[in-house]
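This report covers helix packing, backbone outliers, salt bridges and one surface patch. The sequence and structure follow.

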Amino acid sequence: MNDKSSQKFTATLSNRISEKLPGKLAERAERGPVVPVVKLHGPITPTPSPVSRPSISLQTVESALTRAFSFDRLSGVALVINSPGGAATQSALVAERIRSLAEKKEVPVLTFCEDVAASGGYWLACAGDEVYAHASSMVGSIGVVSAGFGMEELIRRVGVERRVHAAGQHKTRLDPFRPENAEDVQWLQGMQQELHTQFADWVRQRRGNSLDESTEDLFSGEVWTGRRARELGLVDGLGNLRDVVSRRFPESHLVSVEPRKPLLARLGMTGPAGGTQGLAAGMAQALFETAENRAMWSRFGL
């Protein structure tokens with residue numbers, strides 16, 4: 001086969017492959033470098049809601065992250081964060097996964113704080129090599145909080161006797177149906193302090209010399225606007241996704257990457273199974289989680 005025949009064969013093969021590709025894929029193949037965009041929205045929790053509410057965990061975002069870093073012509077990856085926080089371990093697992101993929105592909109990660117990137121949400125933002133926020137975003141809340149209810153008086157009033165049998169003197173710590181124990185509170189505060197130290201160390205590791213640690217309440221759990229967060233070194237700059245990416249990667253285009261949904265969710269059959277009782281239990285759980293999530297967002301006026 002001579003050179004002209006080889007070139008003709010290659011061109012013909014390329015055209016036929018392009019014709020077989022879905023329109024969107026063929027179009028993207030011609031566009032050049034890309035910046036995939038992954039949205040990390042919702043509370044951070046190891047137990048996704050039984051209803052179709054967004055939440056963040058390693059399980060729910062793994063597929064989107066893997067796909068985002070799998071593009072061939074990759075300029076960088078953008079993460080859009082809107083989260084009031086949640087579980088510390090899930091925050092750390094997702095952030096570590098982001099860094100692992102970024103280091104493997106050797107591409108920069110840009111994180112964008114939308115309405116809120118607080119507590120665990122800011123933990124995720126720090127996974128970026130560059131962190132941006134809107135001037136009005138709410139950023140920070142570098143701290144640890146635990147909340148619950150004491151219900152020993154409630155069960156006493158309704159005439160319920162609770163029976164607990166345990167092996168191990170600390171097995172029933174912080175039981176909400178028993179009076180609060182000072183030793184349990186001290187133990188909890190020790191755990192919180194340890195997690196707080198890990199959080200602060202992560203922020204220092206990722207933000208480095210950008211941080212203004214002369215501010216006494218930097219790690220107090222305080223929340224700041226995006227503008228103030230930039231002054232404190234919590235973010236690198238102010239701006240939105242499209243403006244920043246077009247400036248940083250003028251030859252690249254944005255590609256939205258969504259997580260893969262479970263089969264039942266794709267069929268519109270979300271929620272628990274198990275007949276009427278299972279449905280009722282699922283609805284009760286959903287209502288409780290909705291109230292809990294609503295309380296997390298309401299702390300920031302949202």
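At what angle do helix 3 and helix 4 pack, and how far apart are their axes? The model is predicted, and in it helix 3 (residues 58–68) packs against helix 4 (residues 88–105) at an angle of about 15°, with the axes 10 Å apart. Helix 3 is therefore roughly parallel to helix 4, since angles under 35 degrees count as roughly parallel. The crossing of helix 3 past helix 4 is right-handed.

**Positive phi angles**

Two serines call for a look at the backbone. Ser-119 has a phi near 55°, a positive value in a residue other than glycine. Ser-119 sits in the loop between strand 3 (109–118) and helix 5 (120–125). Ser-119 has a relative accessible area of 14% and is therefore buried, the cut-off for buried being under 20%.

Ser-141 also has a positive phi, near 55°, and is likewise a residue other than glycine. The loop between strand 5 (138–140) and helix 6 holds Ser-141. With a relative accessible area of 6%, Ser-141 is buried.

**Salt bridges**

How many salt bridges does a search of the whole structure find? The search gives eleven. Side chains of opposite charge can pair when their charged atoms come close. Three of the pairs found by such a search are listed here, including their N to O distances.

| Acidic residue | Basic residue | N to O distance |
|---|---|---|
| Asp-129 | Arg-99 | 3.3 Å |
| Asp-184 | Arg-173 | 3.0 Å |
| Glu-213 | Arg-204 | 3.1 Å |

The side chains of Asp-129 and Arg-99 meet in a salt bridge. This pair links distant parts of the chain: Asp-129 is in the loop between helix 5 and strand 4 (130–133), while Arg-99 is in helix 4, 30 residues apart. Asp-129 is partly exposed, at a relative accessible area of 34%, whereas Arg-99 is buried, at 11%.

The salt bridge of Asp-184 and Arg-173 has an N to O distance of 3.0 Å. Asp-184 belongs to helix 7 (residues 182–207) and Arg-173 to the loop between helix 6 and helix 7, so this pair ties together parts that are eleven residues apart in sequence. Asp-184 is buried, with a relative accessible area of 12%.

Is Glu-213, in its salt bridge with Arg-204, buried or partly exposed? Glu-213 counts as partly exposed because its relative accessibility is 43%. Arg-204 has a relative accessibility of 33% and so counts as partly exposed too. Elsewhere, salt bridges that share partners join Arg-99, Asp-129 and Arg-206 into one network.

**Nonpolar surface patch**

Which residues make the nonpolar surface patch of about 270 Å²? The patch is made by Leu-154, Val-158 and Val-160. Leu-154 is placed in helix 6 (residues 152–157). Why does Leu-154 count as partly exposed? Its relative accessible area is 49%, and a residue counts as exposed over 50% and as buried under 20%, so a value in between is partly exposed. Patches take residues with over 30% relative accessible area, and Leu-154 has 49%.

Notes: Residues numbered from 1 in each chain as written. Predicted model: local features only at pLDDT ≥ 70, side-chain atom pairs only at ≥ 80, totals over all residues. Heavy atoms only, no water. Patch = residues over 30% accessible without salt bridge, like charges linked within 9 Å, V, L, I, M, F, W, Y side chains within 5 Å. Areas by Shrake-Rupley, 256 points an atom, 1.4 Å probe, with all protein chains shown as cover. Salt bridge = Lys/Arg side-chain N within 4 Å of Asp/Glu carboxyl O. Helix = DSSP H or I, 4+ residues; strand = E, 2+ residues; numbered from the N terminus. Buried < 20%, exposed > 50% of the residue type's maximum accessible area, 1.4 Å probe, protein only. Axes fitted to C-alpha atoms, helices over the stretch in contact; angles between N-to-C directions. Parallel < 35°, antiparallel > 145°, perpendicular 65-115°, else oblique. Left-handed = near helix turned anticlockwise from the far one by under 90°.
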